[in-house]
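Here are my notes on the model you sent round. I went through one sheet and a few helix contacts, so keep the viewer open as you read.

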Amino acid sequence: MKTEPTYQELKEEVLKLRKELDINTKLSKSLLLENIMRSSTDMSIAATDINLNIIFFNTRAEQIFGYKAEEVIGKNLTEIHSMEKVEFSRIEKAIEIVRETGRYEYFVNTETKEEIKNFKSTIRGIFDKENKLVGYVLYTHDITKEINSQKEIIKLSSTVEQSANAIIITDTEGKIEYGNQKFTDLTEYSTKEIIGKNIQIFNIGIKSKEYYTEMWQTISSGKIWKDEIITKTKSGKKYWEQIKITSIKNNENKIVNYLLIKEDITVRKKVEEELEESKKKYLKIFNNAATSIVIVDKNGLITDINQYHINKIGNGLTRREDYIGKNILTHPSIVASKLSDEYKKVLNGEIISHETVYFPSTTGNISRYYNVRGVPIFNNEEVVEAVFVHEDTSAILKATKKIEESEKKFRQIVNQTSEGIALSDIDGNYVFVNQAFCKMSGYTEEELLKLTVFDMRAKSQKKSVFKASKTTKQGEIIQVILKRKNGTEYITEIVGRIIKIENTDFVLGTIKDITERIKREEELVLSKEKAEESNRLKTEFINNLSHEIRTPMNGILGFAELLGNSKLSEQKRQFYINIIQNSGNQLLRIIDDILEISRLGTKQVKTFEVEVCINNLLLHLFSIFDFTAKENLTPLYLKNQLTDKASTIYTDDTKLNKILSNLLENSLKFTNSGFVEFGYQLLEIDDNIYMQIYVKDTGIGIHETQQKIIFERFSQADNILSQKFGGLGLGLSIAKENAKLIGGNITLKSKFGKGTTFFVTIPYKAVFSSNNINTTVDDLNKENKIKILIAEDEEINYLYLETLLQTINEGFEIIHAKNGKEAINICRITPEIKLILMDLKMPIINGFEATKQIKKFRLQVTIIAQTAYSTNEYKRKAKLAGCTDFISKPISEKILRQKLKKWGLKIGM
């Protein structure tokens, strides 16, 4: 770039010209200098003296700085910068640099409404002849265009450098002047290595000399050259590139350079080669396929067809050209096989698939069967083509029919066998089952083929047996428990063998259901055991019968003989007569039991239902057996839960009486300590109401192993007991049979050494209608909400009081406590009790102490003391204990009514 002239140089130039100008123009020296300086229009020039007073300001300076010359000449720079609000310190710094170096250069840009201007400014010193600094001159040059041009060059350079394609610029001889980064990456040559080299260094000799001659002729004429060639990198690696060469011309339209754009297309070429190879393979498969393949356009016109179709399904024409352009819908074979409508569906976008379609011959060839497939090909959701494939299945169909016939015969043979046959793979998956196994297992053939051998195992069967069946147990009969579809189990005998089918191991198993055989064998064993047990029992029974008959007979005969002694006293005679009578009664009971069990065995015994008040029946039994209980020192308790009306039912009282008598007799016989209790409650079973009468004792109990046979004839729980207590073992058997006759049943709960409870369950056939009494179980069992507790250890006294209270009001619910301790506990858990009749003399805790403790937590309850002692001392003691009132034994109904009414309890008529 040309250096700006100094003030001194300009001055010298002015002096040089002055002589000529003075002669010619007669201009003054100062005017001449000014005109020259002002004529320098490309550059702004401003000058100051040593004190920074402006002494010169040309036209270009006026344009750049916006001041007129006359506005600034004579003014100091500090004044101008002051107007512009620019810190003068910057000017002072620049002047300081000029004083030291003689020059200071800087760049400035300024923004207008139209554009941004860029300036380059230089400050120089003005020196006199003695080289003394006498002033300053400022040269300013507008470099906006140069800056903008450089920016464009930078942009272009950046674009070229970042291009994805390799870019090369050569001179007209083909020597490389420029190559971008992509070019160096692609060719592995550095910039230094390629600059000045001819572009032909990348030629690997594939193209001929004529090829390059043609290329240079094309580009030198100003035309564009395009091609795809193989070239190589610096290391010799070959690659494909797409090349484009164009010429670069100057303003005179003369070619000055060539621009080469190279794109790496190796991947694309590889894909194209693969596609080409794939196409070749496709054509090879297409033309050599043993399947008919036809390709049609969207209108059904054939665009391609393979040789197999021509040979097998064609209409007699042997050349491919004879089919191209013909409509497949009118193809004779397609029409004959009635597929035209189906092929139309494919052209409309559907996929079709048909098995074993019959293709009748249209040219005299053999008619055949084909599997037909039709698939549409889409482009932007529009069908553009369709492919039809016809697979010849005639041979397969023929073979299949033979296999099916063979399999049918095999199945007929296998399905005729009574044993199950199953074939599974080595992992246990079923692959074949016969009908016998299906019937045996309850599964269909389809269901079994989805299961495994292990799915059939019953829960009770060990897994190890299955594994052993195909290893150590192979070929042996093993017994396995299997599970049917409905969940039931059955016992089988299985023989498993490993067989080979087409070099594959399978397990063939034969299965035989032996459940019934095992059951019969078990029944035979049980029958044998039962027969042996029956024989044993009968033997014991006969021996026992002999003993039971001889015992009373000895008493009768022996004491009858003694009565013949005339010397006997009357007292002795009467004693012997009583013994004879008791022995006779004992013998009579034995005979009655034998006769009854015989009658029951004939099934000829009839029942007679009558109205029976269960309360009265049980009370009658209590009165009979209470004497025996007192003799044995065993308390006997009776629990009635219903009123007399509610407890009145239709049943056979004779048989029910006999059943309960037998149970009570047994309980008292086998209870040495504790108590015997009997009573009843109502149960609801399957929407029907039953009365369950129970007899409970705390006797010796019955062992669990004996509970199942206790009701069988001639059996007793323990043979030793029969020797100790006597009896034929017929009582429970008779009770069981009689219970069945009246529509009931007998069951028991027992724990050996703890006692036994027998339950006689009979239908509750109420005599009185539900209009008079409630018939729900809850209401019948607990029909009165007024609860009265009777604390009484004597059962007769309790029954008497219970009877009196139910006579007064049938709605009372009576609760019995046998001692003071029970009374306290019952009051704790039954807060609904309204009245307590407290016997003062009771075991464990007496009535006085029981009353004191009850009053601690039930202060408001009414307690009436009842005792045989009626002295004032007893009354006072009872009152101090907390009794509300006092009643003396024997208690009359009248007195009891008065007491109940006195203490607010509702009484009947």
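1. In which sense, left-handed or right-handed, does α21 pass α22? The crossing is right-handed. Bear in mind that this is a predicted model, so everything below is computed from predicted coordinates.

2. Staying with that pair: helix α22 covers residues 653-669, and its axis comes within 11 Å of the α21 axis, the two crossing at roughly 30 degrees. Angles under 35 degrees count as roughly parallel, and α21 and α22 are therefore roughly parallel to each other.

3. Which residues make this contact? From α21 come Ile614, Leu617, Leu618, His620, Leu621, Phe625, Thr628 and Ala629. They meet Leu656, Asn657, Leu660, Ser661, Leu664, Glu665 and Leu668 in α22. Sorted by class, that gives 10 nonpolar, four polar and one charged.

4. Helix α21 (residues 614-631) also packs with α26 (residues 795-808), at about 165 degrees and with the axes 11 Å apart. The cut-off for roughly antiparallel is over 145, and α21 and α26 are therefore roughly antiparallel to each other. Here α21 passes in a left-handed crossing.

5. On the α21 side of that second contact you'll find Asn615, Leu619, Phe622, Asp626 and Lys630. Their counterparts in α26 are Glu795, Ile796, Leu799 and Gln806. The class breakdown for α21 with α26 is four nonpolar, two polar and three charged residues.

6. Now for the sheet. This is an open one of five strands, ordered β12-β11-β15-β14-β13, and the pairing is antiparallel. Why do β12 (302-305) and β13 (352-359) each have one side without a neighbour in the sheet? They stand at the edges and each has a single partner strand, so one side is left free of a neighbour. From one strand to the next, the twist averages 20 degrees.

7. For a closer look at one pairing, try β14 (residues 368-379) with β15 (residues 382-392), which are joined in the antiparallel sense over 10 bridges. A handy place to check the register is Val375, whose bridge partner in β15 is Val387. As a reminder, strands of a sheet pair through backbone hydrogen bonds, either parallel or antiparallel.

8. Last point: what lies across β11 (292-297), β13, β14 and β15? That is helix α14, residues 340-347, which runs at about 140 degrees to β15.

Terms used:
Residues are numbered from 1 along each chain as its sequence is written. This is a predicted model: local features need pLDDT of at least 70, side-chain atom pairs count only at pLDDT 80 or more; totals for chains, interfaces and linings use all residues. Side-chain values use heavy atoms; hydrogens and water are left out. Two strands pair if DSSP finds at least two bridges between them. Helices (H or I, at least four residues) and strands (E, at least two) are DSSP runs, numbered from the N terminus. Axes are lines fitted to C-alpha atoms, for helices over the stretch in contact, and angles run from 0 to 180 degrees between N-to-C directions. Contact means heavy atoms within 4.5 Å. Angles under 35 degrees count as roughly parallel, over 145 as roughly antiparallel, 65 to 115 as roughly perpendicular and the rest as oblique. A crossing is left-handed if the near helix is turned anticlockwise from the far one by less than a right angle, and right-handed if clockwise. Ala, Val, Leu, Ile, Met, Phe, Trp, Tyr, Cys and Pro count as nonpolar, Asp, Glu, Lys and Arg as charged, and the others, Gly among them, as polar.
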